[in-house]
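This report describes selected features of one protein chain, with each term explained where it is needed. Please keep the sequence and the structure in view while reading.

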Amino acid sequence: MKKPNLISFTILLVLTFILLIGITHALSISDIQVTDIDSKSARIKWTTDEVADGKVRYGPSQDLGFTSRHNTFIFEHNQKIDNLDSESISFFKIESTNLQGQTLIDDNNGLLYSFTTQDITPPNQVEEITLISVSKNSIKISWQPSPEPD
């Protein structure tokens, strides 16, 4: 008779342990990076400690206003945001939801994350263009910027 009680107790203990781990574990977001920044877009990357979907809320002000999302449940997230203004700051925060419906928002402790797009405006003109060297795979030149402002 004691053997079934021991088996039942062991099963109950294991199930309780599994349930407690599931309840106490919180979704986390880490390794937030902004890559591939150009004049009109950037790529936001982050990692979650369990499979989750991903959403980037972003905009030209801290009010944000735009959202880019993916609905694939993955660990390594990679979201491109487009239609940005050249040479301007963009703010963003990240949101991920796991399979249990637990949602986590990382907004850099309320400060939001930010980056600046590149300036691709060419100078009005350049002066004193000089050929420095020529090789099979490259040409090296130098010039002086125009004294006129961009």
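A residue is called buried when its relative accessible area is under 20%, exposed when that value is over 50%, and partly exposed in between, using a 1.4 Å probe and protein chains only. The model is predicted, so local features need a pLDDT of at least 70 and side-chain atom pairs count only at pLDDT 80 or more, while totals for chains, interfaces and linings use all residues. Residues are numbered from 1 along each chain as its sequence is written, and side-chain values use heavy atoms, with hydrogens and water left out.

**Salt bridges**

A salt bridge is defined as a side-chain nitrogen of Lys or Arg within 4 Å of a carboxyl oxygen of Asp or Glu. This rule yields a count of four salt bridges. The table lists some of them.

| Salt bridge | Closest N and O atoms |
|---|---|
| K55 with E95 | 3.5 Å |
| R57 with E95 | 3.5 Å |
| K80 with D82 | 3.9 Å |

The last pair in the table is made of two partly exposed residues: K80 has a relative accessibility of 39%, and D82 has a relative accessible area of 36%. Salt bridges with shared partners join K55, R57 and E95 into one network.

Where in the chain do K55 and E95 lie? Strands here are DSSP runs of E with at least two residues, numbered from the N terminus. K55 belongs to strand β2 (residues 42-59) and E95 to strand β4 (residues 89-97), so their salt bridge ties together parts that are 40 residues apart in sequence. The pair of R57 in strand β2 and E95 in strand β4 likewise links distant parts of the chain, 38 residues apart.

Are K55 and E95 buried or exposed? Both K55 and E95 are buried. E95 counts as buried because its relative accessibility is 13%, whereas R57, at a relative accessible area of 27%, is partly exposed.

**The nonpolar patch and its hairpin**

A patch is built from residues with over 30% relative accessible area and no salt bridge; like charges are joined within 9 Å, and nonpolar side chains (Val, Leu, Ile, Met, Phe, Trp, Tyr) within 5 Å. Accessible areas come from the Shrake-Rupley method with a 1.4 Å probe, and for residues only the protein chains shown count as cover.

On the surface, V126, I129, L131, V134, I139, I141 and W143 form a nonpolar patch with about 720 Å² of accessible area together. Strands β7 (126-134) and β8 (139-145) each supply at least two residues of this patch, and the largest share, four residues, comes from β7. One of the patch members, I139, lies in strand β8 and is exposed, with a relative accessible area of 63%.

Two strands pair if DSSP finds at least two bridges between them. Strands β7 and β8 run antiparallel and are joined by six bridges, and a hairpin of four residues connects β7 to β8. Within this pairing, L131 stands opposite I141 in β8. In a regular strand, side chains alternate between the two faces of the sheet.

**A residue in strand β1**

T35 lies in strand β1 (residues 29-35) and is buried, with a relative accessible area of 17%. Contact means heavy atoms within 4.5 Å. Leaving aside residues up to four places away in sequence, T35 touches A42, R43 and K45. T35 and F115 are 80 residues apart in sequence, and their C-alpha atoms are 9.7 Å apart in space.
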